[in-house]
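I opened the model today and kept notes as I went. Ligand surroundings come before the secondary structure.

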Amino acid sequence: MVVPPPNSSPTTNSKSCAAAIPTIDLSSTTTNRQALSKLLVEACENYGFFKLINHGVPQDSISRVEEEALAFFAMPTDEKLDLGPQILPPAATAATRFGYGIKSIGCSGDMGEIEFLLLSAQPSSVSQLTLSRSKNPSKFSCVLNDYIKAIKNLACELLDLMAEGLGISDPSIFSRMISDVQNDSLFRINHYRPLSDFTNLTPSNKIGFGEHSDPQIFTILRSNDVDGLQISLDDGLWVPVSPDPTAYFIMIGDLFQVLTNGRFGSLKHRAVANTGPKPRLSMAYFASPSLNAWISPLQQMVTSNQPCLYRPFTWGQYKAHIYSLTLASSRLDSFKIK
Ligand code: GA4
């Protein structure tokens, strides 16, 4: 059962659920590359979201991150607090607070019933900062770097397929952005306590991570078998997404909306507290270009029927902008061509 957070508008629709969510099988032998790329584009256009199965990321790599993360979150709070938040260059200019965080999200006062680790996805940063004070730092950073490498390959493969499906003449245009040596991709592990943990239930402890869209190109999300993720589709209702630890959920971010000139729409989502006994553990890879990369609608996405919707900006400029706003803000509005 899903607990609708208080004051939540639009309302939760627990009926529509998983049936509506497109599922894409990356290994399907019956679907050729062209057909697969069309399916991906359709899912991104119609939902900004899809479930990916048979993704090829080794299960043991996923399980190792999960194990290390659970051990990390099981440490006493004061030990975890020693690990953050910290602001490291080059992201310091854009205010990402890396490391461990609890309840406080971003820099504009947003709160959620969550604790998390937020890391740069660069191998050097993971090793350097992450886990200098966790129980077994070199193991945790090794496990994380292995996993991030696999997830980045998956991200590049998906981006190439999507570019092909969109008919873009340079099919590696998106994957090159996140392969840039200075890419600003992030990795986040979220740990949500179940509602049953709270002796004093208040409206706010039912919200894990409030409504927002992810600002990057796209997000590759995976969770344990505990529910909590909800997405908002066009009809304005919140749709609970059944967890599937064997799959990934792909969510379109703001930059993809701009690059495709609105053909893909970034997905509004949130995490609510679950009623079961177990905590929810999710891990997200946010695929990003470098801070100095220029973002604007691709020429091929601009037509007489669909004139250019956004003015150019760098990812660094956008990042500075998002950190000046609250989580639920419509961040792209300032970059729209009126
Ligand atoms: C949402 C996606 C990623 O988790 C994140 C978040 C970031 C943060 O937690 O520091 C933001 C949020 C996210 C969007 C708006 C801004 C920035 C909190 C916030 C209020 C790390 C990201 O890149 O953007």
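Which of the 15 residues around the ligand come nearest? I looked these up and found Ile105, Gly106, Asp214, Ile322 and Leu327. I note that this is a predicted model.

Next I checked which elements feed the shell. Strand S4 (110-120) and strand S5 (186-192) each give two or more residues to the shell around the ligand. I then sorted the shell by class. I got eight nonpolar, four polar and three charged residues.

**Strands S3 and S4**

I turned to strand S3, residues 99-105. S3 pairs with S4 in the antiparallel sense, over six bridges. I picked out one position: Gly101 stands opposite Phe116 in S4. The two strands form a hairpin, with four residues between them. Gly106 sits in that turn and has a positive phi of about 70 degrees. I had already met Gly106 among the residues that come nearest to the ligand.

**Helix H2**

I checked the length of helix H2, residues 59-73. At 1.5 Å a residue, its 15 residues should span 21 Å. I find the end C-alpha atoms 21 Å apart, so the expected span agrees.

Which residues of H2 are buried? I list Val65, Glu68, Ala69 and Phe72. They cover an arc of only 100 degrees around the axis, so they lie on the same side of H2. I then looked at the face turned away from this buried side. That face carries the exposed residues Gln59 and Asp60.

Definitions and conventions. Residues numbered from 1 in each chain as written. Predicted model: local features only at pLDDT ≥ 70, side-chain atom pairs only at ≥ 80, totals over all residues. Near = placed C-beta within 6 Å. Nonpolar A, V, L, I, M, F, W, Y, C, P; charged D, E, K, R; others polar. Expected span 1.5 Å × (residues − 1). Buried ≥ 20, exposed ≤ 12 C-beta atoms within 10 Å, placed from the backbone. Arc of directions from axis to C-beta. Pairing = 2+ DSSP bridges.
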